[in-house]
Amino acid sequence: MNKVLKLGLITLPIAAIGAGILAFVVSNSAPPARIELAERAYTVRVITAETMDITPSAVGFGLVTPARTFSAIAEVSGTVEYLHPDLRDGQILPAGAVLLRLSPVDFNLAIAQANANIRAAQARLAELDVAESNQRAALEIEQEALAVKATDLARAEALYTAGTMPQTGRDAVRAAHLVQRQKVQSAESALALIPTQREVQVEQIAIYQTTLATAERNLDRSELRLPFTARVATHSVEVGQFLSAGHTAASLDSVDVAEVEVQLAMHTLRNLLRRGMTQDKGLPLDPTRMSAVLRERDLSAEVRLRLGDAQVTWPGVVDRISDEIDQKSGTIGVVVRVENAYGQSRQGLRPPLTKGMFVDVVLRAQPITGVVLPRSVLQGGQVHLVDEDSRLNIRDASPKLVQGGIALFTDGIEDGARVVLATPDPVIEGLLLDPHPDKTLMPQLLAQDAAQ
């Protein structure tokens with residue numbers, strides 16, 4: 001069978017039958033189901049914004065130092081005769097305790113020498129009084145003798161003029177008169193020197209009295225007393241040791257007040273102090289003014305010492321700002337004072353706040369009222385909200401306080417607003433959302449802030 005006959009009798013009829021069957025099936029089949037397009041809602045976690053009070057706080061660390069120290073420096077030299085029996089490292093000595101006493105022998109000798117010099121000068125002063133009296137009497141005698149010599153000279157001049165006395169006789173009388181005048185002049189000169197000599201002796205007595213006062217003061221300096229109750233830090237002296245002036249015999253630390261200097265970043269300190277500040281009146285950079293601002297803001301402080309699982313606290317007072325800003329870290333030191341650092345101790349339960357302890361210091365300002373949200377919801381200065389139609393609302397917001405894991409807003413976010421915790425990607429204004437409340441995150445963040 002040729003190919004043309006085969007195509008016309010077999011292939012074409014079979015294809016026609018297949019096409020007929022397909023047309024019959026299609027014409028008698030049900031049409032396909034239609035799917036209507038609907039908007040998809042994205043599932044998100046949300047929290048409800050609540051207004052509450054948050055206390056601005058900052059945590060710093062530092063070493064405890066005594067508020068006052070006393071260096072027992074010898075002002076005079078001498079041999080140590082007495083040493084306080086409790087002058088040992090770690091011992092607490094009361095105010096007024098005699099730390100050491102130098103041998104008074106040399107100082108008593110200096111006092112005796114000064115007194116002897118004063119008495120000798122006073123005796124010479126009395127001698128001048130007697131000499132003045134005698135000199136005045138001698139002057140009167142010499143003046144009477146001069147008057148006699150003057151009379152003799154006048155008589156000799158008259159006789160010489162009358163020619164009854166030779167010139168040699170007159171010259172002898174004149175010479176005798178001149179000698180007597182010289183005696184009177186000498187007596188007057190000696191008498192004129194006595195007031196000056198008396199002044200010299202008076203000044204000499206003043207010098208000896210100064211020497212006496214110095215010797216008595218050195219005797220007082222030979223005894224070193226403690227001006228306040230303190231704990232011995234170091235000592236380097238023993239009985240019988242020669243102590244030279246300027247040598248530090250001991251160093252003691254006060255126990256009534258302790259201080260802790262903590263380093264805080266400038267922005268952290270600004271958060272504590274910004275309450276009540278206007279925008280045109282920022283944080284002053286003058287340390288003196290900053291200390292005044294600290295007192296005006298009524299900051300409170302708490303010093304904490306960790307003892308394993310336990311924690312001991314002391315109330316403190318923010319006292320002042322340190323004198324400079326650390327150029328390496330850009331932080332500034334805040335000094336906190338703790339009163340009665342040793343008096344608050346209890347045996348076995350509470351140690352005294354002693355020098356060298358590494359402690360935490362929590363500084364707190366006055367509470368601020370506002371809407372509190374997790375810090376993570378703030379994205380590029382914006383907060384994502386769910387509006388009444390369950391759609392995404394993007395809002396600009398600037399926090400008043402950012403602390404730990406929370407942020408506080410005083411404007412821009414209303415109380416009761418639903419805030420999105422994790423926004424779907426991409427972020428589109430008006431996106432339909434399926435909000436699910438998260439009731440565990442905020443209590444956790446608030447508990448962490450309170451624990452700080």
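Me: Two strands pair if DSSP finds at least two bridges between them. Before we start: this is a predicted model, where local features need pLDDT of at least 70 and side-chain atom pairs count only at pLDDT 80 or more, while totals for chains, interfaces and linings use all residues. Residues are numbered from 1 along each chain as its sequence is written, and side-chain values use heavy atoms, with hydrogens and water left out. So, how many bridges join strand 3 to strand 12?

Reply: Strands here are DSSP runs of E with at least two residues, helices are runs of H or I with at least four, and both are numbered from the N terminus. Strand 3 covers residues 57–66 and strand 12 covers residues 257–265, and the two run antiparallel. One contact point on the ladder is Thr65, whose bridge partner in strand 12 is Glu259. The number of bridges joining strand 3 to strand 12 is three.

Me: Strand 12 must have another side. How many bridges join strand 12 to strand 15?

Reply: Strand 15 takes in residues 331–339 and runs antiparallel to strand 12. You can find your place on this ladder at Val262, which has Val334 as its bridge partner in strand 15. The bridges between strand 12 and strand 15 number nine.

Me: Moving along, which residue in strand 15 is the bridge partner of Ile325?

Reply: Look at strand 14, residues 310–325, which pairs with strand 15 in the antiparallel sense. That pairing runs over five bridges. In strand 15, the residue bridged to Ile325 is Ile332.

Me: Strand 13 comes next. Which residue in the turn of the hairpin of strand 13 and strand 14 has a positive phi?

Reply: Strand 13 (residues 300–307) pairs with strand 14 over eight bridges, in the antiparallel sense. Leu307 has Ala310 as its partner in strand 14, and two residues sit between the strands of the hairpin. Phi is about 70 degrees at one residue of the turn, Gly308.

Me: And which residue of strand 16 bridges to Ala301?

Reply: Strand 13 and strand 16 run antiparallel, with five bridges joining them. For Ala301, the partner in strand 16 is Leu363.

Me: Put those ladders together. In what order do the six strands close into a barrel?

Reply: Walk around it ladder by ladder: strand 3 is joined to strand 12, strand 12 to strand 15, strand 14 pairs with strand 15, and strand 13 pairs with strand 14. Strand 13 is joined to strand 16 as well. The pairing in the barrel is antiparallel, and the order is 3-12-15-14-13-16. From one strand to the next, the twist averages 40 degrees.

Me: Something helical lies across the barrel strands. At what angle does helix 4 run to strand 12?

Reply: Axes are lines fitted to C-alpha atoms, for helices over the stretch in contact, and angles run from 0 to 180 degrees between N-to-C directions. Helix 4 spans residues 266–273 and lies across strand 3, strand 12, strand 14, strand 15 and strand 16 (358–364). Relative to strand 12, helix 4 runs at about 110 degrees.

Me: Now the loop between strand 15 and strand 16. Is Thr354 buried or exposed?

Reply: Buried means under 20% relative accessible area and exposed means over 50%, with partly exposed in between (1.4 Å probe, protein chains only). Thr354 lies in the loop between strand 15 and strand 16. Beyond its neighbours within four places in sequence, Thr354 is in contact (heavy atoms within 4.5 Å) with Val64, Arg231 and Tyr342. Because its relative accessibility is 14%, Thr354 counts as buried.

Me: There's an open sheet too, ordered 19-18-22-1-23. Which strands stand at the edges?

Reply: This sheet has five strands and mixed pairing. Each edge strand has a single partner strand, so one side of each is left without a neighbour in the sheet; these are strand 19 (392–396) and strand 23 (433–437).

Me: Inside that sheet, which residue in strand 22 is the bridge partner of Val386?

Reply: Strand 18 and strand 22 (residues 418–420) pair in the antiparallel sense over two bridges. The strand 22 partner of Val386 is Arg418.

Me: What relative accessibility does Leu385 have?

Reply: Leu385 sits in strand 18, residues 382–386. Outside the four places either way in sequence, its contacts include Leu392, Arg395, Arg418 and Val420. Leu385 counts as buried because its relative accessibility is 3%.

Me: Last one: what share of the chain's residues count as buried?

Reply: The chain holds six helices and 23 strands. Of its contacts with a separation of 6 or more, 77% are between residues 24 or more positions apart. Out of 452 residues, the buried share is 33%.
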